[in-house]
Amino acid sequence: MIQLGTALKCTEPPFHRCVVLSDPQANGGHVVLVRVTTDDGTWPDRDCLLSPNDWFELDRPSTVAFSTCKFGAAVGRLEAAIAAGFFTVIGSPPPSVLQRIIDAARTASGMPPGARRWLPG
């Protein structure tokens, strides 16, 4: 079941991690999904940098790619993508890290304004 904090790993290279930043059970099924990608220093999104010390599912310095956020009423499609093998469910970031990502999403210049309305709290 897709919920706030659900984390996914793409099954194809480069195996990005993704995190759900909304609560689809409380908002009519709307999902805000952000990708976590390698931080090589050139990615434009610099609002939330993470390391393997922040989240055990990371194996290198990473950044949350707010500018590539996907959002909408997509619980069914996301669950179908998991069932089809495009993603695997992985361990969620710790609550403090999840909150840090959500807090950064509220002000990140790359975050689509329409996605912000589905962030919790």
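This section describes the overall fold of a predicted model and then the local surroundings of selected residues.

The protein chain comprises three helices and six strands. Read from the N terminus, its elements follow the order β-β-β-β-β-α-β-α-α. The radius of gyration of the protein chain is 13 Å, which agrees with the value near 14 Å that a compact globule of 121 residues would have. Along the principal axes, the C-alpha trace extends over about 35 × 30 × 25 Å. Buried positions make up 46% of the 121 residues. Among contacts with a separation of 6 or more, 58% are between residues 24 or more positions apart. The exposed surface of the protein chain amounts to about 6100 Å², of which carbon and sulfur atoms supply 56%. The charged side chains number 11 positive and 11 negative, and the centres of these two sets lie 4 Å apart.

Two backbone features occur in the loop that links strand E1 (7-10) to strand E2 (17-20), where proline 14 is placed and where phenylalanine 15 is also found. The peptide bond from proline 13 to proline 14 is cis, with omega near 10 degrees. Phenylalanine 15 has a positive phi of about 60 degrees, although this residue is not a glycine. Most peptide bonds are trans, and most residues other than glycine have a negative phi. The relative accessibility of phenylalanine 15 is 35%, so this residue counts as partly exposed.

Threonine 37 is situated in strand E3, which covers residues 30-38. With a relative accessible area of 9%, below the 20% limit, threonine 37 is buried. Its side chain forms a polar contact of 3.0 Å with the side chain of histidine 16. When residues up to four places away in sequence are not counted, threonine 37 touches His16, Trp43, Pro61, Ser62, Thr63 and Ala65.

The loop between E3 and E4 contains aspartate 39. The side chain of aspartate 39 makes a polar contact with that of arginine 46, at 2.5 Å. Arg46 also appears among the contacts of aspartate 39 beyond four places in sequence, together with Leu49, Pro61, Ser62 and Thr63.

Aspartate 45 lies in the loop between E3 and strand E4 (49-50). The relative accessible area of aspartate 45 is 3%, and this residue is therefore buried. Two polar contacts involve its side chain: one of 2.8 Å with the side chain of tryptophan 43, and one of 2.6 Å with the side chain of serine 67. Leaving out residues up to four places away in sequence, aspartate 45 touches Thr63, Val64, Ala65, Phe66, Ser67 and Gly110. The C-alpha atoms of aspartate 45 and threonine 63 are separated by 6.9 Å, while the two residues are 18 residues apart along the chain.

The contact lists of these residues can be read together. Thr63 is touched by threonine 37, by aspartate 39 and by aspartate 45. Pro61 and Ser62 are in contact with threonine 37 and with aspartate 39. Ala65 is touched by threonine 37 and by aspartate 45. Trp43 is likewise touched by threonine 37, and its side chain makes the polar contact with aspartate 45.

Technical notes
Residues numbered from 1 in each chain as written. Predicted model: local features only at pLDDT ≥ 70, side-chain atom pairs only at ≥ 80, totals over all residues. Heavy atoms only, no water. Helix = DSSP H or I, 4+ residues; strand = E, 2+ residues; numbered from the N terminus. Buried < 20%, exposed > 50% of the residue type's maximum accessible area, 1.4 Å probe, protein only. Polar contact = N/O pair within 3.5 Å; in protein donor to acceptor, adjacent residues only side chain to side chain. Contact = heavy atoms within 4.5 Å. Rg over C-alpha atoms; globule rule 2.2 N^0.38 Å. Areas by Shrake-Rupley, 256 points an atom, 1.4 Å probe, with all protein chains shown as cover. Lys, Arg positive; Asp, Glu negative; His and termini not counted. Charge placed at Lys NZ, Arg CZ, Asp CG, Glu CD.
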